[in-house]
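Let's take a walk through this structure together. Keep the 3D view open as you read.

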Amino acid sequence: MLRIDETSGTLVAPQASGLVQESPPDREELLSLVTSSWEAFAGELGIPNVKLLAREPVPYVDLLGLDEEAQRLVVILVTGDTVEWQLGRALGAAAEVAGWDKDKLAEAHESLADVEAGNSPALVLVAGGYDERAIATIEWLAGNHGVPISAYTVAMVRFGGERLLSVRREPAQNGDPSSDVQWMLSGGVPVGAGAASPALHSTAASTPPPA
């Protein structure tokens with residue numbers, strides 16, 4: 001979990017108790033926070049090897065990253081809402097990036113000059129929640145077809161005058177999207193997403209975000 005520093009507009013380590021649950025930030029605020037604090041946020045996602053390259057390099061691609069170890073692009077989509085169309089939007093964004101040639105890659109960011117064109121990017125979805133059908137589809141794509149896709153739910157709690165952002169990998173083991181926040185509200189110790197995404201670190205695919 002990360003605390004939103006309202007003064008600097010960045011994400012920093014949290015303090016402790018007295019937490020009250022509230023709605024996540026809207027898309028624009030969440031996108032700004034993630035962009036300005038990528039290293040901290042990537043650590044919460046469990047993908048610290050992903051480097052953020054650009055914000056909104058083309059329509060429908062919120063963030064573009066690079067998995068430097070795998071030399072694979074990563075398309076990150078961010079929204080604070082619970083959405084049914086998130087998966088379709090993400091797949092469309094990935095398809096566009098997969099079609100970029102060498103010139104388009106270099107135009108998106110100078111560090112992509114050596115990245116092979118035509119490879120499918122990894123997909124990272126960050127949202128306030130997901131339709132059950134979207135989660136089932138993500139599991140099917142990743143588990144049955146090896147598509148490098150992972151989803152994370154963000155939740156917000158308030159501690160006094162401060163807001164704290166929680167990030168959790170989906171699907172949740174216990175199937176309850178609000179369980180992490182409820183556990184913290186009952187006195188638990190805030191934790192981040194922890195384990196790295198298999199989709200990003202598999203030989204089949206991997207790519208991270210802009211600086």
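The paragraphs below visit a helix, a strand residue and the cavities of this predicted model.

A good place to begin is helix α2, which spans residues 38–45. Five of its residues, Trp38, Phe41, Ala42, Glu44 and Leu45, are buried. Around the helix axis they cover an arc of only 155°, so they sit on the same side of α2. The background is simple geometry: an α-helix has 3.6 residues a turn, so residues three or four places apart point the same way.

Look more closely at Trp38, which belongs to α2. Its relative accessible area is 7%, and because buried means under 20%, Trp38 counts as buried. From Trp38 to Leu11 the sequence separation is 27 residues, while their C-alpha atoms are 8.8 Å apart in space. At the other end, just after α2, Gly46 adopts a positive phi of about 85°.

Now move along to strand β11, residues 162–170, where you will find Arg168. Arg168 is a charged residue, and it is buried, with a relative accessible area of 10%. Its side chain makes a polar contact with the side chain of Glu170, at 3.0 Å.

Finally, turn to the empty space inside. Searching the whole structure gives 2 cavities of 30 Å³ or more, and the largest has a volume of about 60 Å³. It is lined by 14 residues, of which Leu73, Val115, Glu116, Gly118 and Asn119 are the closest to its centre. Strand β6 (72–78) and helix α3 (86–98) each contribute at least two lining residues. Sorted by class, the lining of this largest cavity holds 8 nonpolar, 4 polar and 2 charged residues.

Methods:
Residues are numbered from 1 along each chain as its sequence is written. This is a predicted model: local features need pLDDT of at least 70, side-chain atom pairs count only at pLDDT 80 or more; totals for chains, interfaces and linings use all residues. Side-chain values use heavy atoms; hydrogens and water are left out. Helices (H or I, at least four residues) and strands (E, at least two) are DSSP runs, numbered from the N terminus. Buried means under 20% relative accessible area, exposed over 50%, partly exposed in between (1.4 Å probe, protein chains only). A polar contact is a pair of N or O atoms within 3.5 Å; within protein, one must be able to donate a hydrogen and the other to accept it, and residues adjacent in sequence count only if both atoms are side-chain atoms. The arc is that of the directions from the helix axis to the C-beta atoms. On a 1 Å grid over the protein atoms alone, a cavity is a set of points where a 1.4 Å probe fits but cannot get out, and a pocket is an open set with protein on both sides within 12 Å along at least five of seven lines; lining residues have an atom within 4 Å of a point. Grid points are joined across faces, edges and corners, and a volume is the space filled by probe spheres set on the points.
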